Amino acid sequence: MALTGALNLYTKPTNLCLISSMRTLLSLFVLLVATAAQGAGPDPYNALVWNHANHEARNGKVDRKDWFEWWYYKVVVPESKDSFYFVYGIVNPWDLGKNPKPHSRAYVSFGSFDDARIIEKKFSPAEFHASYDSTLVEIAGNRATDRALSGSVDNASWDLQLEHDWSFNAMGWAMSKAWLFNIYWYPAAASARMSGQINYNGRKIVLDHAPAYQDRNWGTSFPTWWTWLVSNNFTNSPGTVLAAGGGRPKTGGIDLFEGVTIGLRHEGTEYTFRPVDGDPVRTNVKFGTWEVSARNHRGEEIHLSATAPRAKFMDLPFTTPQGQTYHDFETLRGHILVRLYKYLKLIAELDTDEGGIEYGSFDSKGLNTLFTSQVELR
């Protein structure tokens, strides 16, 4: 989920000079942030984020505010109708007493979308271990890195390898500003390939370079809503990757912005549309409707439409650090249509039936009443 502010897609001509100056300043700021980040080690946002500043300062202090953090992996098996996800997470990693608070936990989750089955095992936060210097998470014998993941929960086990293809910095310069938003999203492997074996419910599923993905979320609380549209398996377009996400986060505890960030790699070229960079984005998103349009200062424009029948979605409930239940409706086999323009000329029309589509909110009952699968795509 990319949780950043949005501007109106259409801007009055009288504001063009001001916006151009703002974009120049933003570009310079992004360059400064990127330069400062050099030498920070391999992919620091795919490592542990919690308490990082204190760890670097070696001051012995520990952050004790509400906190959640997870590593999410997903895979779609082209040879069958199977699709799976895996999560390694922590809520309140500082809560290491013998009797942690009710919502403090480490956990490992496995989900099968074919039969809408979620298996989650909870552990004490004391059993969570993660590295600040690399992607390495260990929870009671379950292990995940940026190259491999293994684990076992009830009647599911897995031993998988991951080949990284493309990362997308969805939040741009804002990702390094820990105080700015209440939740962060980073597609560390917006595109990857997964090989290995999954054992589930008496079946053995063998993967051989199946389309896969890995992202990160962390923060202090959940947004009013979020959405997510991803795929790296477009029809007749190998190498094309879409990673889009956003919603309504809080800034300083207030709902100030809502918007969606979009990253597309197509035929070796990256196309980025980020509200934090001043790119105007328009969204018509609710559960059952996913329509997003954006343009950037490079003369590029993108339109996304997505749909899937209600029956394909699975509710992934999550108990927040505050004890609320957040409902995340997700499918990994939805239809996504992408139209890409350059200087108003259509340069690509892409579609997939193996798209990840997601909508999250605290209102499970309301989401069900909003849903419709009749989204106009063409």
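In strand β8, Arg143 finds its bridge partner in Ser150. This pairing belongs to a predicted model, and it offers a convenient point of entry. Strand β7 (residues 142-145) and β8 run antiparallel and are joined by two bridges, and the two strands form a hairpin with two residues between them. Arg143 also takes part in a salt bridge with Glu138, in which the closest N and O atoms are 3.2 Å apart. Both partners retain some access to the surface: Glu138 is partly exposed, with a relative accessible area of 34%, and Arg143 is likewise partly exposed, at 38%.

Strand β8 (residues 148-153) has two distinct faces. Leu149, Gly151 and Val153 make up the covered face, whereas Ala148, Ser150 and Ser152 make up the uncovered one. Ser150, the bridge partner of Arg143, thus lies on the uncovered face. On its other pairing, β8 is joined to β9 by six bridges, again in the antiparallel sense. Within that pairing, Ala148 has Gln161 in β9 as its bridge partner. The strands β8 and β9 form a hairpin with two residues between them, and Asp154 there takes a positive phi near 50 degrees.

Strand β9 (residues 156-166) also contains Asp165, which connects to a remote part of the chain, namely Arg265 in strand β14 (residues 259-266), 100 residues apart. The two side chains form a salt bridge, with the closest N and O atoms 2.7 Å apart. Their environments are not alike: Arg265 is buried, with 14% relative accessibility, while Asp165 is partly exposed, at 37%.

A second salt bridge of this long-range kind involves Asp82 and Arg203, whose side chains meet at 2.8 Å, N to O. Asp82 belongs to the loop between β1 (68-76) and β2 (83-91) and Arg203 to strand β11 (residues 203-219), so the salt bridge ties together parts that are 121 residues apart in sequence. Asp82 is buried, with a relative accessible area of only 3%, but Arg203 is partly exposed, at 38%. In general, side chains of opposite charge can pair when their charged atoms come close. The count of salt bridges in the model comes to 13. Among the participants are Arg298, Glu300 and Lys342, which are linked in a network.

That network leads to strand β18 (residues 300-307), which is mostly covered, seven of its eight residues being buried. Strand β17 (residues 289-295) runs antiparallel to β18, and six bridges join the two. Arg295 has Glu301 as its bridge partner in β18. These strands form a hairpin with four residues between them, and Gly299 in the turn has a positive phi of about 80 degrees. Strand β18 also pairs with strand β20 (residues 325-342), in the antiparallel sense and over eight bridges. Here Ser305 stands opposite Leu337 in β20.

Strand β20 also holds Arg339. This residue is buried, with a relative accessible area of 19%, and a polar contact of 3.3 Å joins its side chain to that of Glu349.

Attention may now turn to the loop between β13 (241-247) and β14, where Leu256 is found. Together with Ile254 and Phe257, Leu256 forms a nonpolar patch on the surface, with about 290 Å² of accessible area in total. Thr251 occupies the loop between β13 and β14 as well, but is buried, with a relative accessible area of 16%. Leaving aside residues up to four places away in sequence, Thr251 touches Leu180, Phe181, Leu256 and Phe257. Two of these contacts, Leu256 and Phe257, are members of the nonpolar patch.

These local features can be set against the protein as a whole. It contains three helices and 21 strands. Of its 378 residues, 54% are buried. Among contacts with a separation of 6 or more, 63% are accounted for by residues 24 or more positions apart. The accessible surface comes to about 16,600 Å², and 52% of it belongs to carbon and sulfur atoms.

Definitions and conventions
Residues numbered from 1 in each chain as written. Predicted model: local features only at pLDDT ≥ 70, side-chain atom pairs only at ≥ 80, totals over all residues. Heavy atoms only, no water. Salt bridge = Lys/Arg side-chain N within 4 Å of Asp/Glu carboxyl O. Buried < 20%, exposed > 50% of the residue type's maximum accessible area, 1.4 Å probe, protein only. Contact = heavy atoms within 4.5 Å. Areas by Shrake-Rupley, 256 points an atom, 1.4 Å probe, with all protein chains shown as cover. Patch = residues over 30% accessible without salt bridge, like charges linked within 9 Å, V, L, I, M, F, W, Y side chains within 5 Å. Pairing = 2+ DSSP bridges. Polar contact = N/O pair within 3.5 Å; in protein donor to acceptor, adjacent residues only side chain to side chain.
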